[in-house]
Amino acid sequence: MRFGLNNQPWPLSWLRLRPASSTRCFSLVHSLPLQSSCGIAFDIDGVILRGRTPIGNSPSALRRLYDDSGNLKLPFLFLTNGGGIPECKRASELSELLGVEILPSQVVLGHSPFRNLIKRFENELIVVTGKGEPAEVMSAYGFKKVLSLEEYASYFDDIDPVAQFKRWTKTTKHLNLSRNSSELAPQIDVLSDRVKAVFIASDPVDWGRDIQVLCDILTSGGLPGKESEHQPHLYFAADDLEYQAAFSCERLGMGAFRIALESVFNRIHLKPLEYTSFGKPNPFVFQNAGAILRNLQLSRQSNDLSGDKDAIHAFRTLYMIGDNPFVDVKGARQAGHPWFSILTRTGVFKERGNHAEFPADLVVDTVEEAVDFILKRESS
Ligand SMILES: [Mg+2]
C-alpha cells in the first residue's frame, strides 16, 4: 500500500546558500541572459556518474553552467534517489569527482524528505537501515533517538539465526558502530521502548537480516517478541526497482527490497504492510526540487549587483535530465508544467528511439548533449 503525501516543502532555512568559488574560472560558450527563467535537475547514477566514474562528459557539461567568475549562470541541482551519506558529504564528493563546487543545497538525495518528519519523531525511538551512514544521516536531520538496524539487532540475542555464518559481519554487541558515544541517542532502553518508525534510507546491505528484523519490529508493534496490532510507521527513501551502477547491467534497487519485504510480511501477518515511499517519480519530490531551484535562482540574483531584483518570474522551464524512463521521465511528466524531460542513453535506457510507455520530451546520447541543447534553447 502506498500512502499519499501531504508534506510541506523543505524549510527555506535549510538552504544556506553561498556564492560559488571565485577561484574557479570557466569559459563562457553561450551568453545567457541573467534573468534566465530555467533550472536543471540532474539525475546522478547513469547520467553524471557510473559508480564513481564521470560519464557522458559530465564534468565538461557542468562547467558550462558557470560564468567566467565561477558563478552559476543558471540554477541546477542533483536530484537522485540514491543516498546513505549526509548531503554535505555527497556535495564534497561530487565537487571532487566533477571539478566544480557543489553546495549541499544543490544535492537532493532520496532520504532528504525524511527531514520533514522531524516534528513527528524527533524524540521517538526510530530505526534506520541502508548502506553507508544511515544513522548519521538521521542524526544530522535532528532525530534524537536513532539506532541503525545493525545496532538495534545487536541488543537481541539470536535475532538473526544465521549471523554466525556471515563471515563478513563483525559481532558488535551493544555497540554503537560508527558514532561517538556523545552522539548516542539519549536514554534509550531498547528492550522496553517501542520503535515508533523505521526508515529505509538507502539500499540495504544484508537483505536477509533486515527482512527478518523489520518483520520482527513491524509485526510486534515496535518491540520484537511482544504482540501488538499497531504497525510502526515505515518509510522508504525511494522505490526504484533497478538502477544503473558500475556493473554492465542494472542492479536491484530499493524497490526490489520493498517487494521482498512486503511479500514476506503479507504472508506472515494478517494486515497488509503499510508504508510511504519517497523519491522520484513522486510529484512531491519534483515540487520540492522546483522550490529549491527557485531559492538558488534568488540567491544568484541577490549576488549580482547589477541585476534587477524585482525581475523575479516563475520558471519558464525546469529540465529533468535522467536515464530511467520509469523514474525520471515519469516523474517529470506527472509533475507537469514547467517540467521538460530529457532522457540520456548512458544508463538504464539504451534504445535508439524514445521510450514507448514514458516518452521523454527529448532523447540524447549524453548529458553533455542535453546541456548543449538547453544552453542553445535558453539563449535563443
Ligand atoms: Mg539514474
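This passage describes an open sheet with two helices packed on it, and a pair of helices in contact, in a predicted model. Residues are numbered from 1 along each chain as its sequence is written. Because the model is predicted, local features need pLDDT of at least 70 and side-chain atom pairs count only at pLDDT 80 or more, while totals for chains, interfaces and linings use all residues.

Six strands form the open sheet, with parallel pairing and the order β5-β4-β1-β13-β14-β15. Strands (E, at least two residues) and helices (H or I, at least four) are DSSP runs numbered from the N terminus, and two strands pair if DSSP finds at least two bridges between them. The edge strands are β5 (107-108) and β15 (362-364); each has a single partner strand, so one side of each is left without a neighbour in the sheet. Three bridges join β14 (residues 339-344) to β15 in the parallel sense, and Thr344 stands opposite Val364 in β15.

Helix α9 (residues 325-335) packs on the sheet, touching β13 (317-322) and β14, and its direction makes about 165 degrees with that of β14. Contact requires C-beta atoms, placed from the backbone, within 7 Å; angles run from 0 to 180 degrees between N-to-C directions, with axes fitted to C-alpha atoms, for helices over the stretch in contact. Helix α10 (residues 367-379) touches β1 (38-42), β13, β14 and β15, and its direction makes about 135 degrees with that of β15.

The axes of α6 (residues 207-219) and α7 (residues 254-268) come within 10 Å and cross at roughly 45 degrees. Residues of α6 in this contact include Trp207 and Leu218, and those of α7 include Phe257 and Ile268.
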